[in-house]
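Q: Please take a close look at one helix of this model and at what surrounds it, and then set it beside the sheets and strands found elsewhere in the chain. I would like a connected account rather than a list.

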Amino acid sequence: MRVPASLPHRRDPSLARRLLLLQALVVGVVVLTATAVAYLDARQAVQQSAEQETTAIVESLADSPLVLEAVTGPDPSAVLQPYVEQVRADTGTSFITVLAPDRTRYTHPDRDQIGRPFRGTIAPALAGETFTETYTGTLGPSVRATGPVVGAGGEVVALVSAGITVEAIGEDLAAAVPGIAGTALVTLAVGGLGSWALSRRLQRQTHGLSPGQLARMVEYHHAVLHAVREGLLLVDGERRVQLVNDEARRLLGLDGDPAGRHVADLGLPAELTALLTQQRTAVDEVHVTGTRVLVVNQAPPQAADGGAGTVVTLRDHTDLQALTGELDSVRSFAESLRAQAHEAANRLHTTVSLVELGRTQEAIEFATAQLASAQRLTDRVVSAVGDPVLAALLLGKAATAHERGVLLEIDPATSVGETGLPGGDLVTIVGNLLDNAIDAALSGDPPREVQLALEVAGGRLEIRVEDTGPGVAEADLPRVFERGWSTKDAGGAPAGLGRGLGLALVAQAVRWHGGTITVRPGPGAEFVVSLPLPVPAGAAR
């Protein structure tokens, strides 16, 4: 697997700082563009206002009876000049000119221009239309409106033109610039402050890392997730899965990516689901799933904000549990041999003492009786059970039961050869059933006995274990194979493993091989396991 390169020593700009610069650039461009658009819009608005104002003045004067009477009189300038100048002063326009159809001016702000030809377009006005244009006249460039004065017969007897110089329009536009500039500065300040606040928040959330460092962290994150041999599960405060690696999916038997699903919807055993929904610390807790034994550790994250979530690690304990079962059987067998050696030493001393006392016949009878009893048990187990691991387990359990005051009897009809089933699984099933039965028998009244029967029939191995203990209450039958269920006192439970694991392991091994297990309620419980035997390679199916 490719390992990402190590982090560089050079300090790159953080993601927050880069984002701040980018936001500042974007805000500056937006504000500049908006200011330019506002300026252009203001200029257009001022020009439109000038056009509307001059048009209104022209139409008003063209409709005035005074103007119509003056332009048809003997001296139009004498009547119109003072009147038009008063209107011009009142409206603030740059000029108002009344002229004859032949362009001769009757009025003008500059008296020297009266009687001279008008500069500008008049053809549309002569045709009876009021129009606007920008034209350079005697006062310079101006926005002007020109319209006809219509006589009683409908003929155009004069023209009226009113205008505002471009310079005056520029002064009006300049008056609007401070407002536009002020708005732009305020917008820029608010945008900059917002970008700075966002950058500060991002700086805290990304811990001041640069984009390159964040990218490498993601690479490390994926590398660790896929390389680690332990299952890793991250659960948020709402008890939903946020992250799970490949090993965790394999150990929990999850299909697809469960990210976003609630832990209660993962189909896990009730005990494991209960642990994942809690925010307590768990250290090396053993949990049994459908096919595996898992060692689970859970710890809340050490986040600065005290976020409510948990980190869960999973280790596969299945193979180790099987090896532990085999080791227990070997240890049990060794303990049996130790006990038998101790008893043999006592019997030898007794036999020697009888010989020294001259009671030879009693010594012979005593020695042969004890030897015959032990040999009968060994012969029965060896002849009835062909699997050496299972035979050693039964001899060890028989000796252990004898030491604890319980009689372990093997059904005389028992006859089992090589089953083809893994020895570790047989040790798990038979060993835990016998341990449970011996403990139950000790809790009952004498005689304390455990009966074991093994039978192969119809391609299946049937294991039946019965004890003389108080049995299992009918109300407890649904919970017998749950991890943690036990009728024993919790005081002696090993730390970290808890109680009620043996029968849960039995149920797991049975399910793994596609078998069944049934329980008869007490008094005197009976457990019956039925396992399908594997078909030998090349055999007819």
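A: A residue counts as buried when its relative accessible area is under 20%, and as exposed when that area is over 50%. The model is a predicted one, and the part to look at closely is helix 13, which covers residues 502-512. Of its 11 residues, 8 are buried by that cut-off, so helix 13 is largely enclosed by the rest of the structure. The buried residues are L503, A504, L505, V506, A507, Q508, A509 and V510.

One neighbour of helix 13 is helix 12, which spans residues 423-443; the two pack at an angle of about 145°, with their axes 9 Å apart, and their crossing is left-handed. From helix 12 the contact draws on D425, T428, I429, N432, L433 and N436, while helix 13 contributes G502, L503, L505, V506, A509, V510 and W512. Sorted by class, this contact of helix 12 with helix 13 comprises 8 nonpolar, 4 polar and 1 charged residues. Several residues appear both in the contact and among the buried positions of helix 13, including L503, L505, V506, A509 and V510. After helix 13 comes G514, whose phi is positive, near 75°.

Further along lies strand 13 (516-520), which belongs to an open sheet. That sheet has 5 strands in the order 10-11-12-14-13, with mixed pairing. Strand 13 and strand 10 (407-410) stand at its edges with a single partner strand each, so one side of each is left without a neighbour in the sheet. From one strand to the next the twist averages 15°. Within this sheet, strand 11 (residues 449-457) pairs with strand 12 (residues 460-467) in the antiparallel sense over 8 bridges, and V456 stands opposite L461 in strand 12. Helix 11 (residues 388-403) packs on the sheet, where it touches strand 10 and strand 11, and its direction makes about 150° with that of strand 10.

A second open sheet, also of 5 strands, has the order 6-5-9-8-7 and antiparallel pairing. Its edge strands, strand 6 (241-244) and strand 7 (282-288), each pair on one side only, and the twist averages 25° from one strand to the next. Strand 5 (residues 231-235) and strand 6 are joined in the antiparallel sense over 3 bridges, with V235 standing opposite V241 in strand 6. Helix 8 (residues 270-277) packs on this sheet, touching strand 5, strand 7, strand 8 (293-299) and strand 9 (310-316), and its direction makes about 155° with that of strand 7.

Burial can also be followed in a strand. In strand 1 (residues 95-99), 5 of the 5 residues are buried, so strand 1 is largely enclosed by the rest of the structure. F95, T97 and L99 point one way from strand 1, whereas I96 and V98 point the other way, and all are buried. Strand 1 pairs with strand 4 in the antiparallel sense over 5 bridges, and L99 stands opposite L159 in strand 4. Strand 4 (residues 156-165) also contains S161, which is buried with a relative accessible area of 0%. The side chain of S161 makes a polar contact of 3.2 Å with the side chain of T146, and the residues that S161 touches include F95, I96, T97 and L99, together with V58, F118 and R144.

Conventions: Residues are numbered from 1 along each chain as its sequence is written. This is a predicted model: local features need pLDDT of at least 70, side-chain atom pairs count only at pLDDT 80 or more; totals for chains, interfaces and linings use all residues. Side-chain values use heavy atoms; hydrogens and water are left out. Axes are lines fitted to C-alpha atoms, for helices over the stretch in contact, and angles run from 0 to 180 degrees between N-to-C directions. Helices (H or I, at least four residues) and strands (E, at least two) are DSSP runs, numbered from the N terminus. A crossing is left-handed if the near helix is turned anticlockwise from the far one by less than a right angle, and right-handed if clockwise. Contact means heavy atoms within 4.5 Å. Ala, Val, Leu, Ile, Met, Phe, Trp, Tyr, Cys and Pro count as nonpolar, Asp, Glu, Lys and Arg as charged, and the others, Gly among them, as polar. Two strands pair if DSSP finds at least two bridges between them. Buried means under 20% relative accessible area, exposed over 50%, partly exposed in between (1.4 Å probe, protein chains only). A polar contact is a pair of N or O atoms within 3.5 Å; within protein, one must be able to donate a hydrogen and the other to accept it, and residues adjacent in sequence count only if both atoms are side-chain atoms. Lists of a residue's contacts leave out its neighbours within four places in sequence.
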